[in-house]
Amino acid sequence: MVRPVQNPPNPWAKTEVEWLDEPPNATLQVFEEQARSILSENESPDLPFRFSLNPYRGCIHACAYCYARPSHQYLGFGAGTDFDRKIVVKTNAPRLLREAFEKPSWRGDGIVLSGNTDCYQPLEASYELTRQCLDVCLAFQNPVSIITKSRLVARDAGLLAELSRRARAHVFLSIPFARDEDGRKIEPWASKTSLRFGAMRALADAGVPVGIAIAPVIPGLNDPDIAELLERAREAGAEAAFMQPLRLSAEVLPVFEERLAEAYPLRAQKVRNAIQEMRGGKMNESAFGARFSGLGPRWAMIERVFEAHCARLGLNRERITREAPTTFQRPKRQLSLFDDGSQNR
């Protein structure tokens, strides 16, 4: 059951405001929830992880292409502006994560934060749920992967660096547009491109393995940016890169098309044609095994460009996401300061 918050914390009015951009011109509604569980188990064969953790439902970044939009409908909200402006906060996320780790059945699988919505969206500056979950992961030395579009991740550079030393932790900054103004048109309230590269540099300098996710690739719109994005990522300390083609489910398609027509009225039809070419005449491909790849000569060229520049720059030479034995271990229980020790006599 979600509970509306009458006076939600304002992430633009706290001391962490230096990590955020200008507030959106939209009314934000915040709902708090006592979730029943916090780890989602992935059953898709195309995704390289089993467990993900999402402290927030919905995302004020308002990316027009976000594949998570349909999940908001499970709450009785819409996949359009409701997804951007009605955010559900799982206030008990850190406690649930600790309880999951304490179960004998937990074997220390890596956890992906932001498997659905961004774990560093602006409300994280106030609630600090992602940071608290990372503290739990550090206590249990559980491996962590993060994907985010927010420079707020740099706030936790020290914590993530310690996690990478004692367990495994890496961060991918999702950066699909080379210029701030282009990003603003399609992902209006995510951190600017330039600020995301700044966060990448801060994490790399702290000793956190970082990479770039060029996601989504929108043929006819941002595919010319690939070479520049990879170059800037390498300069900012990235060790790895991946890309994914645009996915437009039934609920996401009208949101994306409306934003595309508004932002690029003269290019919109060319972009649609390029997407259809990549999807075999359709606007979307939902089949497992095909939804994360494209078709046609244009997509083949995109892949060649990506692979050639990764090879030239030394990206993916040693994959930071490589599988390895888990570092997970439960912390030893400490005697209470008020325990007289009689139990050991």
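User: Is the crossing of α8 and α11 left-handed or right-handed, and what makes it so?

Analyst: The model is predicted, and in it the crossing of α8 and α11 is right-handed. The word applies because the near helix is turned clockwise from the far one, by less than a right angle. The contact uses Ile226, Ala227, Leu230, Glu231 and Arg234 on the α8 side. On the α11 side it uses Ile302, Val305, Phe306, His309, Cys310, Arg312 and Leu313. Sorted by class, these contact residues are eight nonpolar, one polar and three charged.

User: Why are α8 and α11 called roughly parallel to each other?

Analyst: Helix α8, residues 226-235, packs against helix α11, residues 296-313, at an angle of about 25 degrees. Angles under 35 degrees count as roughly parallel, so α8 and α11 are roughly parallel to each other. Their axes lie 10 Å apart.

User: How do you know which residues His309 touches?

Analyst: A touch is counted when heavy atoms lie within 4.5 Å. With residues up to four places away in sequence left out, His309 touches Ala227 and Leu230. His309 sits in helix α11. Its C-alpha atom is 8.7 Å from that of Ile226, although 83 residues separate His309 and Ile226 along the chain.

User: What makes α2 and α4 roughly parallel?

Analyst: The value to check is again the angle. Helix α2 (residues 93-102) and helix α4 (residues 129-140) pack at about 20 degrees, and 8 Å separates their axes. The cut-off for roughly parallel is under 35 degrees, so α2 is roughly parallel to α4. The crossing of α2 and α4 is right-handed. Helix α2 brings Ala93, Pro94, Leu97, Arg98, Phe101 and Glu102 to the contact. Helix α4 brings Leu129, Gln132, Cys133, Val136, Cys137, Ala139 and Phe140. By class, the contact of α2 with α4 has 10 nonpolar, one polar and two charged residues.

User: Why is the space of about 110 Å³ called a cavity?

Analyst: It is called a cavity because a 1.4 Å probe fits there but cannot get out. The structure holds one cavity of 30 Å³ or more. Its lining has 14 residues, and those closest to its centre are Trp12, Leu20, Asp21, Pro122 and Trp189. The lining of the largest cavity divides into eight nonpolar, three polar and three charged residues.

User: Why is the space of about 330 Å³ called a pocket instead?

Analyst: A pocket is an open set of points, with protein on both sides within 12 Å along at least five of seven lines. The second largest pocket holds about 330 Å³. Of its 16 lining residues, Ala62, Thr81, Asp84, Arg85 and Arg259 are the closest to the centre. At least two lining residues come from each of α1 (81-85) and α9 (252-263). The largest share, four residues, is from α9. Seven residues of this lining are nonpolar, three are polar and six are charged.

User: What is the phi of Ala62, and where is Ala62 found?

Analyst: Ala62 has a positive phi of about 60 degrees although it is not a glycine. Ala62 lies in the loop between β5 (56-57) and α1.

User: How do you know that the bond joining Ala215 and Pro216 is a cis peptide bond?

Analyst: The value given for this cis bond is an omega of about 0 degrees. Pro216 belongs to strand β10, residues 210-217.

Terms used. Residues are numbered from 1 along each chain as its sequence is written. This is a predicted model: local features need pLDDT of at least 70, side-chain atom pairs count only at pLDDT 80 or more; totals for chains, interfaces and linings use all residues. Side-chain values use heavy atoms; hydrogens and water are left out. On a 1 Å grid over the protein atoms alone, a cavity is a set of points where a 1.4 Å probe fits but cannot get out, and a pocket is an open set with protein on both sides within 12 Å along at least five of seven lines; lining residues have an atom within 4 Å of a point. Grid points are joined across faces, edges and corners, and a volume is the space filled by probe spheres set on the points. Ala, Val, Leu, Ile, Met, Phe, Trp, Tyr, Cys and Pro count as nonpolar, Asp, Glu, Lys and Arg as charged, and the others, Gly among them, as polar. Axes are lines fitted to C-alpha atoms, for helices over the stretch in contact, and angles run from 0 to 180 degrees between N-to-C directions. Angles under 35 degrees count as roughly parallel, over 145 as roughly antiparallel, 65 to 115 as roughly perpendicular and the rest as oblique.
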